[in-house]
Each structure stands twice: as structure tokens, then as C-alpha cells.
Amino acid sequence: MSIETISLSGRKKMVSNKEMTFLERMYLVAIVKGLFITFKHLFRKKITIHYPEQVREMSPVYRGQHQLKRDEQGRENCTACGLCALSCPAEAITMKAAERKADEKHLYREEKYASIYEINMLRCIFCGLCEEACPKDAIYLTTSKVLVPSSYEREDFIFGKDRLVMPLDVAIKNAQLNNAN
């Protein structure tokens, strides 16, 4: 059995190197086909959105900016298990775990927490795999239209806990909404 006959995918095709006819060498048929497609699109209805007056409807699966959740008492949900960092295909998430001290019980739910949690937004592809991998439901991608503000410095694109943790007042409102339901 030779290498030429082996096909792992089953999609192997033999390519012939036949001589082109005079019409094929002139490319007239290809040019006419291309012009036909151009004229066909010329008379179709245009799909234009006049942005400031009209706003395009967001997709139901839209994933926006990352946020680290807090529970109803304002404690962080993240236990620094590292599953979000492992599942990230772009390797944009880095974290460092630390042990909770006795006087930090009101800040963290578990004995272990993420002392450093960073997401490099230049590498992030907003795929949502970190959200799916988290067993504590600690990270999620919001529906906010604000993704990453522009900047000239690379350090501004590395979001730490200061920019990722949900504000306390928002966490309390979410808890009240969940209790009402």
C-alpha cells in the first residue's frame, strides 16, 4: 500500500492537469459570470441602517463585557478553581489563588479565593467558554454594549479584579430581584 492511495478523511480527489481550451484561456466565461452576479446585486433592495436614528437589534446570543459575580451578601463567588483559565482557548485568563484569612469572611464565600484575577482583553475572543466552565457561576459575560474602551497602552487592556468585580449595589439589587421571583 503506497502513500498515494491512503486517505484518512475519505475526501481525497485526483487532480487532473488538462490543457485549457481557447475560450477558457481568454477567461471570457468567468468575466461574464462575474458581471452577471454584479448586475444581479445592483438591483436588489439595499440593507442599510442609518445608525444614529436606527439601532441594529442585538443577537440573543450576544456576549459582552466580563464580570465577576457577588452573592446576596456581597461576597465574591470565585473560588479560584482555575477552570475558566483552562477552558479559555486564547489563554487570556490568569489567576493566583490565596487562602482566606479569618477577618476576610465577609469578602469571600470559600476558604480559597482569587487574590489576582486578570483577563487580557487583547487576547480574549468573547467565546463564553469561561462562563460555561465555571462551577460556581462566578464569571459571566454581560449584555452591555460597552466591550473594551480604546487606549494606546497595553496595560489598559488587562482587566484586573478592580474592573471585573460586580459593584456591591448591583449585587444587592440582583439578590433582591432573585428573592422577589
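**Figure 1. Asp 137, a partly exposed loop residue with positive phi.** In this predicted model, Asp 137 has a relative accessibility of 39% and so counts as partly exposed. Look for Asp 137 in the loop that runs between helix 4 (129-133) and strand 4. What is the sign of phi at Asp 137? The angle is positive, about 55 degrees, although Asp 137 is not a glycine. As background, most residues other than glycine have a negative phi.

**Figure 2. Tyr 27, another residue with positive phi.** Here the view moves to the loop between helix 1 (22-26) and helix 2 (28-42), where Tyr 27 is placed. The phi angle of Tyr 27 is near 60 degrees, a positive value in a residue other than glycine. Is Tyr 27 buried, partly exposed or exposed? With a relative accessible area of 49%, Tyr 27 is partly exposed, because the exposed class begins over 50%.

**Figure 3. The largest nonpolar core and its best-connected members.** This core is made up of 22 residues. Ile 93, Tyr 117, Ile 119 and Ile 139 are the ones with the most contacts inside it. Two elements, strand 3 (112-120) and strand 4 (139-141), each give two or more residues to the core. Strand 3 gives the most, with three residues. In soluble globular proteins, nonpolar side chains tend to be buried together. A closer look at Ile 139 helps to place it: beyond its neighbours within four places in sequence, Ile 139 is in contact with Tyr 117 and Ile 119, and also with His 66, Gln 67, Leu 68, Cys 130, Glu 131 and Cys 134.

**Figure 4. Gln 67, a buried residue of strand 1.** Gln 67 sits in strand 1 (residues 66-68). Its relative accessible area is 16%, so Gln 67 is buried, the limit for that class being under 20%. Which residues does Gln 67 contact once its neighbours within four places in sequence are left aside? They are Ala 138, Ile 139, Tyr 140, Thr 142, Leu 164, Met 166 and Pro 167.

**Figure 5. Thr 94 on strand 2.** Thr 94 belongs to strand 2 (residues 93-99). At 41% relative accessibility, Thr 94 counts as partly exposed. Not counting residues up to four places away in sequence, Thr 94 touches Ile 116, Tyr 117 and Glu 118. If you zoom out, you can also find Gln 54, 40 residues from Thr 94 along the chain, with 39 Å between the two C-alpha atoms.

**Figure 6. A stacked pair of tyrosines.** The count of aromatic pairs comes to one. Tyr 108 and Tyr 113 form this stacked pair, with 3.8 Å from centre to centre and 15 degrees between the planes. Are the two partners buried or exposed? Tyr 108 counts as buried at 11% relative accessibility, and Tyr 113 is buried too, with a relative accessible area of 8%.

**Figure 7. The largest pocket and its lining.** The volume of this pocket is about 200 Å³. Its lining is formed by Lys 69, Arg 70, Asp 71, Glu 72, Arg 109, Tyr 140, Met 166, Ala 171, Asn 174, Ala 175, Asn 178 and Asn 179. By class, five of the lining residues are charged, four are nonpolar and three are polar. Which element gives the most to the lining? That is helix 6 (residues 168-180), with five residues. Tyr 140 and Met 166, both in this lining, are also contacts of Gln 67.

Terms used: Residues numbered from 1 in each chain as written. Predicted model: local features only at pLDDT ≥ 70, side-chain atom pairs only at ≥ 80, totals over all residues. Heavy atoms only, no water. Core = buried A, V, L, I, M, F, W, Y, C linked by side-chain atoms within 4.5 Å. Buried < 20%, exposed > 50% of the residue type's maximum accessible area, 1.4 Å probe, protein only. Helix = DSSP H or I, 4+ residues; strand = E, 2+ residues; numbered from the N terminus. Contact = heavy atoms within 4.5 Å. 1 Å grid on protein atoms, 1.4 Å probe; cavity = no way out; pocket = protein on both sides within 12 Å on 5 of 7 lines; lining within 4 Å. Points joined across faces, edges and corners; volume = space filled by probe spheres on them. Nonpolar A, V, L, I, M, F, W, Y, C, P; charged D, E, K, R; others polar. Phe/Tyr/Trp six-rings, centres within 6.5 Å; stacked < 30°, edge-to-face > 60°.
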